[in-house]
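User: I am new to reading protein models and would like to understand how the labels attached to one are justified. Could you take me through the reasoning behind a few of them?

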Amino acid sequence: MSQSGERPRKDHEDYISLIMKRVIRPARTDMDFSGNKGLKLSSGGRCPKNHVIPGGTFAPTELRLYRGGDPWMPCEGVALVVEVTSTKPRADRTDKRHCYARGPIPLYLLVDREQSSLTLFSDPEGDDYRQHRTIPFGKRLTLPAPFAFDLQTGELI
């Protein structure tokens with residue numbers, strides 16, 4: 001940790017890589033992954049912008065959403081977005097959550113470095129998710145369909 005108590009930025013990319021590998025391999029549906037893929041959405045409500053860039057985006061391979069795509073793509077077909085808290089954790093915990101729900105993106109996985117936890121948001125309605133589950137690093141987190149497996153988080157410790 002740095003003197004300010006924040007983990008170095010390099011951990012951000014390490015966490016994204018670990019999550020990507022832990023999700024792609026056991027997912028029941030073949031998934032494609034894109035890091036830092038721009039998503040277009042409608043702003044309003046508690047979503048302040050009409051675009052957002054998640055740390056990672058998962059979509060079923062059969063949709064081929066990333067092939068020949070524009071730098072900014074619509075949210076349709078995206079199954080899961082992943083964020084790792086950055087130097088502005090409020091944006092990841094709150095602002096982006098509302099934007100992803102407006103997408104609507106079915107699942108939002110937040111890796112919170114300050115809290116050493118993961119939160120899975122699901123069941124989007126309007127500009128928020130109706131359900132969420134938070135676990136500490138090291139515990140298993142069940143990902144629903146189309147993933148349908150328990151995400152192992154021990155390597156995040």
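Analyst: Let us begin with a pocket of this predicted model: helix 2 gives the most to the lining of the second largest pocket, with 4 residues. The space in this pocket comes to about 220 Å³, and its lining includes Val52, Ile53, Ala91 and Lys96.

User: Why is Lys96 called buried?

Analyst: Lys96, which has its place in helix 2 (residues 89-102), has a relative accessibility of 18%. Buried means under 20%, so Lys96 counts as buried.

User: What makes the pair of Lys96 and Ile53 a polar contact?

Analyst: A polar atom of the Lys96 side chain lies 3.2 Å from the backbone oxygen of Ile53. The cut-off for such a pair of N or O atoms is within 3.5 Å, and therefore the distance of 3.2 Å satisfies it. Ile53 is also among the residues that Lys96 touches, as are Val52 and Tyr108.

User: Why is one side of strand 3 left without a neighbour in the sheet?

Analyst: The open sheet has 3 strands in the order 3-2-5, with mixed pairing. Strand 3 (51-52) stands at an edge and has a single partner strand, so one of its sides is left without a neighbour in the sheet.

User: How do you know that strand 2 and strand 3 pair?

Analyst: Pairing requires at least two bridges, and 2 bridges join strand 2 (residues 38-40) to strand 3, so the two strands count as paired. They run antiparallel, and Leu39 stands opposite Val52 in strand 3.

Note on methods
Residues are numbered from 1 along each chain as its sequence is written. This is a predicted model: local features need pLDDT of at least 70, side-chain atom pairs count only at pLDDT 80 or more; totals for chains, interfaces and linings use all residues. Side-chain values use heavy atoms; hydrogens and water are left out. Buried means under 20% relative accessible area, exposed over 50%, partly exposed in between (1.4 Å probe, protein chains only). Contact means heavy atoms within 4.5 Å. A polar contact is a pair of N or O atoms within 3.5 Å; within protein, one must be able to donate a hydrogen and the other to accept it, and residues adjacent in sequence count only if both atoms are side-chain atoms. On a 1 Å grid over the protein atoms alone, a cavity is a set of points where a 1.4 Å probe fits but cannot get out, and a pocket is an open set with protein on both sides within 12 Å along at least five of seven lines; lining residues have an atom within 4 Å of a point. Grid points are joined across faces, edges and corners, and a volume is the space filled by probe spheres set on the points. Lists of a residue's contacts leave out its neighbours within four places in sequence.
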